[in-house]
Amino acid sequence: MRTSRTGQSPISRLSVKPGQAQSSLRGGRCGGGQERIWPLTLRLGETQNSVVTSTLPIGDFSRATHLSVRMLRHYHELGLLEPLDVDVDSGYRRYAPEQIVTAQVIRRFRDLDMPLGDIQIVLQAPDVETRNRVIANHLARLESDLARTRDTVASLRDLLDRPQDTSVPIEHRHVAATPAAFITDIVDAAHVVAWYRGAMAEVAATLSAQEISPAGPLGGVYESELFTELRGRVTIFLPSDPLPQPVGRVGTTVIPPAELAMTVHLGSNTEVDRTYGALGAYVTKHALAVDGPIREYYLVGPLDTRDESLWQTEIGWPIFQTRPRP
């Protein structure tokens with residue numbers, strides 16, 4: 001006899017008297033914790049081994065919800081959408097008609113790329129506020145993604161109209177050795193923006209707490225492996241005189257001197273690769289490039305304003321300087 005996942009028969013109370021055509025099937029629990037009584041019509045001579053016609057086999061449920069059988073099984077394994085009944089011998093799953101709406105809700109959220117974990121929170125939310133907060137957070141992420149997509153489309157169109165920007169002003173500069181407070185670590189390229197913003201705030205807060213004024217703008221040193229292998233050492237530093245007492249991740253060091261070809265990138269990081277490209281092309285044509293880390297100096301950055309259009313980032317490419325210093 002087909003049994004439920006708990007090993008008990010889904011038919012917990014069934015009695016058929018002569019001439020009686022209507023009985024009841026006690027099924028799973030519905031929303032609100034109440035036990036649902038499923039109507040079951042039996043023909044004369046049928047027994048408890050009969051197929052429960054008030055539930056849908058997984059194939060019919062798949063057609064009704066436009067969710068594949070494979071996906072329904074996956075949702076069952078995650079506890080996101082559990083069938084009303086599972087045969088312990090065959091593994092056949094059966095669903096209640098009322099679960100169609102739940103499946104449709106899940107499908108709509110997945111069409112919006114909501115993570116399965118968030119969908120589970122929404123479905124199991126103890127109150128409307130919790131549910132709406134999760135949905136609102138996801139909608140905010142969608143709006144952010146949409147804005148980023150629009151920026152990328154605009155950037156692509158501009159790139160097609162102006163494949164190479166040769167108007168970027170570039171200068172050669174000798175950068176002296178710089179005592180600084182710093183944080184350094186091996187970072188994945190995918191996480192570098194979040195990492196350096198956190199490091200910037202931590203270094204600046206350390207100097208502020210010790211009542212030390214910065215001796216220059218925040219800077220960053222990016223080893224070549226970050227670009228070539230998508231994982232490499234990144235150092236965020238803030239020139240300081242005197243140097244602060246080391247606290248937490250913040251230490252002190254001397255950033256070594258360097259000869260750099262430098263230009264300024266204006267605005268957000270969306271098109272910073274174009275500025276890098278122009279600088280790299282210039283160095284190839286007009287200077288002798290050398291191995292060494294890229295330098296960045298954040299003249300106006302995230303700690304100064306949230307308006308990314310106002311950001312100014314100096315980018316320095318290491319070179320072998322052949323011109324006499326002024």
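In this predicted model, an open sheet is built from 3 strands in the order β3-β5-β4, with antiparallel pairing. Its edge strands are β3 and β4 (85–86), each of which pairs on one side only. The link between β4 and β5 consists of 2 bridges in the antiparallel sense. Within that link, Val 86 has Arg 93 in β5 as its bridge partner.

Two strands of this sheet also take part in the surroundings of helix α1, which spans residues 58–65. The buried residues of α1 pack against β3 (56–57) and β5 (93–95), and also against the helices α2 (69–78) and α3 (99–111). Which residues of α1 are buried? They are Ile 58, Phe 61, Ser 62 and Thr 65. These residues lie on the same side of α1, because they cover an arc of only 105° around the axis. Just after the helix, His 66 adopts a positive phi of about 60°.

Helix α3, one of the elements that the buried residues of α1 pack against, holds Val 105. Is Val 105 buried or partly exposed? Its relative accessibility is 32%, so Val 105 counts as partly exposed; the cut-off for buried is under 20%. Together with Val 101 and Leu 123, Val 105 forms a nonpolar patch on the surface. The accessible area of these three residues together is about 210 Å².

A contrasting case is strand β8, residues 218–222. Here 5 of the 5 residues are buried, so the strand is largely enclosed by the rest of the structure. The burial applies to both faces: Leu 218, Gly 220 and Tyr 222 point one way, Gly 219 and Val 221 point the other way, and all are buried.

Which strands are joined to β8? One is β13 (residues 294–300), which runs antiparallel to β8 and is joined to it by 5 bridges. In this pairing, Leu 218 stands opposite Tyr 298. Another is β9 (residues 231–239), also antiparallel to β8, with 4 bridges between the two. There, Val 221 of β8 stands opposite Thr 235. Leu 218 and Val 221, which point in opposite ways from β8, thus serve as reference points for following the two pairings in the model.

Burial is also found in a loop. Ser 268 lies between β11 (258–266) and α8 (272–286), in the loop that connects them. Is this residue buried or exposed? Ser 268 counts as buried because its relative accessibility is 17%, against a cut-off of under 20%. Leaving aside residues up to four places away in sequence, Ser 268 touches Glu 308 and Trp 311.

The elements described above belong to a protein with 8 helices and 14 strands. Of its 326 residues, 36% are buried. Among contacts with a separation of 6 or more, 65% are between residues 24 or more positions apart. The accessible surface of the protein amounts to about 19,400 Å², and carbon and sulfur atoms account for 54% of it.

Note on methods. Residues are numbered from 1 along each chain as its sequence is written. This is a predicted model: local features need pLDDT of at least 70, side-chain atom pairs count only at pLDDT 80 or more; totals for chains, interfaces and linings use all residues. Side-chain values use heavy atoms; hydrogens and water are left out. Buried means under 20% relative accessible area, exposed over 50%, partly exposed in between (1.4 Å probe, protein chains only). Contact means heavy atoms within 4.5 Å. Accessible areas come from the Shrake-Rupley method with a 1.4 Å probe; for residues, only the protein chains shown count as cover. Two strands pair if DSSP finds at least two bridges between them. The arc is that of the directions from the helix axis to the C-beta atoms. Patches are made of residues with over 30% relative accessible area and no salt bridge: like charges are joined within 9 Å, nonpolar side chains (Val, Leu, Ile, Met, Phe, Trp, Tyr) within 5 Å. A salt bridge is a side-chain nitrogen of Lys or Arg within 4 Å of a carboxyl oxygen of Asp or Glu.
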